[in-house]
Amino acid sequence: MNFIHKYILPKEVDFNAVILEQASVTRKIVSHIQKACFENDLSLLNPIAEDVATARNLKTQNMNQLLDVLITPYDKESIFRIITQLDWIALSVKHFHLEIVEYKLQSLDAYQAIAEKLLDMSNLLENGIGQLPTQNLTLISSNIDQILELYDQVISACAKTNAELLQHNDCITIIRGKDIIMQLKEIAKRIYVAANTLEDMAIKVV
């Protein structure tokens with residue numbers, strides 16, 4: 001039987017598990033922003049580089065497995081999209097950290113409200129992906145609806161932070177701050193897009 005399973009039967013991969021693992025690492029990466037903003041401690045962003053490297057390895061591994069199997073629980077295009085979009089979230093956080101370092105930012109306190117919502121979004125995305133095996137469309141859709149609502153709240157928080165930033169007389173501070181806010185909006189957008197793909201996957205299997 002082991003011989004038949006190994007050499008004759010199509011290879012099987014638990015894509016629910018591997019996608020959830022990638023989502024969990026992605027959520028952890030986003031959590032570093034929230035912790036750093038909450039503590040107003042830039043050093044708490046340092047683990048991002050290592051965790052992004054882990055996420056990239058998972059993305060490559062998951063892509064290789066996707067190319068190597070015939071049977072998948074969802075269509076291959078949907079799996080490809082969710083793997084790619086989780087990778088984009090991780091890369092967007094990496095780019096946020098890069099700007100913080102290059103701009104020599106001294107404080108993250110102004111971005112705390114935005115960071116909290118980003119973490120909530122990533123938690124909901126991870127939870128929604130974790131619900132895929134149950135095929136509970138109602139529960140998954142509830143998570144996605146909350147993500148979309150939080151995305152609107154992130155945009156509102158970014159607009160408020162931008163308005164406060166414009167009260168400064170220093171053009172360099174304004175430009176630097178606007179770039180940081182733009183990168184936070186990019187992270188939110190990537191989570192939003194991943195949530196839409198999650199909903200597409202859930203609908204197709206119900």
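These legends go with a set of close-up views of a predicted model.

**View 1. The whole chain, an all-helix run of seven.**
Start with the overall picture before zooming in. The secondary structure comes to seven helices and zero strands, so if you read along the sequence you get α-α-α-α-α-α-α, by the DSSP runs used here. The C-alpha atoms fill a box of roughly 75 × 35 × 25 Å along the principal axes. The chain has 206 residues, and 45% of them count as buried. Take the contacts between residues at least 6 apart in sequence: 80% of these join residues at least 24 apart.

**View 2. N62, tucked away in helix α3.**
Here we look at N62, which sits in helix α3, residues 48-67. Its relative accessible area is 0%, so N62 is buried. What does N62 touch, leaving aside residues up to four places away in sequence? The list is F15, V18, Q22 and I83. V18 from that list also turns up in a polar pairing: its backbone oxygen lies 3.4 Å from a polar atom of the N62 side chain.

**View 3. Q61, next door in sequence but partly exposed.**
Stay in helix α3, where Q61 also lies. Is Q61 buried or partly exposed? Q61 counts as partly exposed, because its relative accessibility is 40% and that class runs between the 20% and 50% cut-offs. V18 comes back into frame here: the C-alpha atoms of Q61 and V18 are separated by 9.1 Å, with their positions 43 residues apart along the chain.

**View 4. Helix α4 and what follows it.**
This view takes in α4, which covers residues 76-102. Why call its length as expected for a helix? At 1.5 Å a residue, the 27 residues of α4 should span 39 Å, and the end C-alpha atoms are indeed 39 Å apart, so the two agree. After α4 comes K104, with a positive phi near 55°.

**View 5. Helix α5 and its buried residues.**
Next up is α5, residues 112-130. The same kind of check works here: the 19 residues should span 27 Å at 1.5 Å a residue, and the end C-alpha atoms are 27 Å apart, which agrees. Which residues of α5 are buried? They are I114, A115, L118, L119, M121, S122, L124, L125, E126, G128 and I129. Look out for S122, L125 and E126, as they return in the next view, among the residues lining the largest cavity.

**View 6. The one cavity, lined from several helices.**
How many cavities of 30 Å³ or more are there? The count comes to one, and the space in the largest cavity is about 50 Å³. Its lining is made up of A23, T26, R27, L86, I89, S122, L125, E126 and I191. The elements giving two or more residues to that lining are α2 (15-39), α4 (76-102) and α5. Sorted by class, there are five nonpolar, two polar and two charged residues around the cavity.

**View 7. The largest pocket, with α7 as top contributor.**
Now for the open space: the largest pocket holds about 230 Å³. It has 13 lining residues, and those closest to the pocket centre are A110, Y111, L165, H168 and T173. Two or more lining residues come from each of α6 (137-165) and α7. Which element gives the most? That is α7, with four residues. By class, the pocket lining has five nonpolar, five polar and three charged residues.

**View 8. Two spots along helix α7.**
The last view follows α7, residues 171-205, and picks out I172 and E186. I172 lies in this helix and is exposed, because its relative accessible area is 57% and the cut-off is over 50%. The C-alpha atoms of I172 and Y103 are separated by 10.0 Å, while the two residues are 69 apart along the chain. Further along, E186 is also found in α7, and its side chain makes a polar contact of 2.8 Å with the side chain of R190. For a sense of scale, E186 and N16 are 170 residues apart in sequence and 26 Å apart in space, C-alpha to C-alpha.

Technical notes:
Residues are numbered from 1 along each chain as its sequence is written. This is a predicted model: local features need pLDDT of at least 70, side-chain atom pairs count only at pLDDT 80 or more; totals for chains, interfaces and linings use all residues. Side-chain values use heavy atoms; hydrogens and water are left out. Buried means under 20% relative accessible area, exposed over 50%, partly exposed in between (1.4 Å probe, protein chains only). A polar contact is a pair of N or O atoms within 3.5 Å; within protein, one must be able to donate a hydrogen and the other to accept it, and residues adjacent in sequence count only if both atoms are side-chain atoms. Contact means heavy atoms within 4.5 Å. On a 1 Å grid over the protein atoms alone, a cavity is a set of points where a 1.4 Å probe fits but cannot get out, and a pocket is an open set with protein on both sides within 12 Å along at least five of seven lines; lining residues have an atom within 4 Å of a point. Grid points are joined across faces, edges and corners, and a volume is the space filled by probe spheres set on the points. Ala, Val, Leu, Ile, Met, Phe, Trp, Tyr, Cys and Pro count as nonpolar, Asp, Glu, Lys and Arg as charged, and the others, Gly among them, as polar. The expected span of a helix is 1.5 Å times one less than its number of residues.
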